[in-house]
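I opened my notebook for a look around this model before going back to the bench. Here is what I looked up, entry by entry.

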Amino acid sequence: MLTHRKQDFRTLWRARRRELDPADRAAQSADLTSTILDWYLPRAQHRRVAAVLSYGAEPDTGALLEALHRAGVEVLVPITEPERQLSWTAWHPGVEVARSSVAPIDEPVGERLGVETMETVDLVLVPAQAVDTRGFRLGQGGGYYDRFLAALYRQRSASITSITSSTSSTSSVPGADATTTPDAGSAPSAAPLTVAVVFRHELMTRGQVPTSGFDEPVDGAVTADGFTWFGQV
Ligand SMILES: Nc1nc2c(c(=O)[nH]1)N(C=O)[C@@H](CNc1ccc(C(=O)N[C@@H](CCC(=O)O)C(=O)O)cc1)CN2
Ligand SMILES: Nc1ncnc2c1ncn2[C@@H]1O[C@H](COP(=O)(O)OP(=O)(O)OP(=O)(O)O)[C@@H](O)[C@H]1O
């Protein structure tokens, strides 16, 4: 039942995405690019970002990936593996790509890294059809990012625990009320931060995205208007 609700919702929002005027899509993609660069570059620590090679009607990430690379940031993109797992590989302009064996998308050819590589990633840009202000997102329906985020958060909380046990600062869980912070002053401090990248109309009020047990919330969302953070990490 819930699966049907999710599927209907996905179909609806996919159609809305395809109906976006191409000029609007291009303008929002350009604003997303500058918003992400303006926020990230002054805060970069490891200078490593995980993103995606966009396809179809997604926000276009081409200019963003190139600008990050030009700024000396290592860009990682996902590789779809069997059993709905993701691995990660480095992207650079002109990298050789090959068709995935499990999804209808092209992916770079190169060394494949596991979730451990995220220990030195600052920011994970997560694809989504829609996201609500609890941080719940709807993706392509493969469950790839749900599985990946679960593994990432296990790793992240293990490292928070090891830091807090030596510094006695507090840790908490995502899920408090959202704050829209165009200057992103109150971004949570856990690393890497997970941020859904969506068009303006795809950022919704809490409870609007149907969820199921495996869904993992993201820390924030970014649209052409700026970043929104969903709570403390
Ligand atoms: N840019 C990008 N890369 C990504 C994802 C994503 O959402 N966006 N993924 C996130 O998990 C993974 C790939 N997941 C995918 C899962 C299913 C389909 C797929 O079957 N697409 C069909 C059907 C689309 C439709 O019904 O309209 C297609 O494109 O023909 C594609 C990618 C990893 N890489
Ligand atoms: N950690 C998990 N373990 C087992 N099954 C999972 C897990 N996460 C998701 N699934 C299953 O994967 C399927 C797709 O999940 P869902 O509809 O939430 O995908 P999605 O979030 O839209 O896709 P994606 O994460 O790839 O962007 C569902 O049947 C879901 O139950």
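Which polar backbone atom is 2.8 Å from a nitrogen atom of ligand 1? I found that the backbone atom belongs to leucine 53. I should say at once that this is a predicted model, and I read every distance here as computed from it.

**Entry 1: contacts of ligand 1**

I went on to the side chains. A polar side-chain atom of glutamate 58 also lies 2.8 Å from a nitrogen atom of ligand 1. For arginine 14, I looked up a polar side-chain atom and found it 2.8 Å from an oxygen atom of ligand 1. With the protein in place, 73% of the 690 Å² of accessible area that ligand 1 has on its own is covered.

**Entry 2: the shell around ligand 1**

Next I listed the neighbours. I counted 16 residues surrounding ligand 1, and the closest are Arg14, Leu53, Tyr55, Glu58 and Gln140. Sorted by class, the residues of this shell come out as 10 nonpolar, 3 polar and 3 charged.

Which elements each supply at least two residues of the shell around ligand 1? I noted helix H1 (2-19), strand S2 (74-81) and helix H4 (144-167). I also checked the pockets: the space that ligand 1 takes is the largest pocket.

**Entry 3: contacts of ligand 2**

Then I turned to ligand 2. An oxygen atom of ligand 2 is 3.0 Å from a polar backbone atom of glycine 143. A nitrogen atom of ligand 2 has a polar side-chain atom of arginine 147 at 3.0 Å. For aspartate 215, I found an N or O atom in the side chain 3.1 Å from an oxygen atom of ligand 2. Ligand 2 exposes 650 Å² when taken alone, and the protein buries 75% of that.

**Entry 4: the shell around ligand 2**

I counted 15 residues surrounding ligand 2; Arg10, Arg137, Gly139, Tyr144 and Asp146 are the closest. By class, I have 4 nonpolar, 5 polar and 6 charged residues in this shell. The space taken by ligand 2 is, again, the largest pocket. Two or more residues of the shell come from each of H1, S8 and H4.

Which element gives the largest share of the shell around ligand 2? I found that H4 does, with 4 residues. I had already met H4 and H1 in the shell around ligand 1, where each supplies at least two residues.

**Entry 5: the sheet that holds S8**

I wanted to see where S8 belongs. I found 3 strands forming an open sheet in the order S8-S7-S11, with mixed pairing. Strand S8 (137-138) and strand S11 (203-204) are the edge strands, and each pairs on one side only.

In what sense do strand S7 (residues 130-132) and S11 pair, parallel or antiparallel? I read the pairing as parallel, over 2 bridges. For one register check, I looked up aspartate 132 and found its bridge partner in S11 to be methionine 204.

**Entry 6: a hairpin**

My last stop was strand S12 (residues 220-223) and strand S13 (residues 226-229). These two run antiparallel and are joined by 4 bridges. A hairpin connects S12 to S13 through 2 residues.

Which residue in S13 does alanine 221 stand opposite? I found threonine 228 there. As a reminder to myself, side chains in a regular strand alternate between the two faces of the sheet.

Notes
Residues numbered from 1 in each chain as written. Chains lettered and ligands numbered in written order. Predicted model: local features only at pLDDT ≥ 70, side-chain atom pairs only at ≥ 80, totals over all residues. Heavy atoms only, no water. Near = heavy atom within 4 Å. Polar contact = N/O pair within 3.5 Å; in protein donor to acceptor, adjacent residues only side chain to side chain. Areas by Shrake-Rupley, 256 points an atom, 1.4 Å probe, with all protein chains shown as cover. 1 Å grid on protein atoms, 1.4 Å probe; cavity = no way out; pocket = protein on both sides within 12 Å on 5 of 7 lines; lining within 4 Å. Sits in = over half its atoms within 2 Å of the grid points. Nonpolar A, V, L, I, M, F, W, Y, C, P; charged D, E, K, R; others polar. Pairing = 2+ DSSP bridges.
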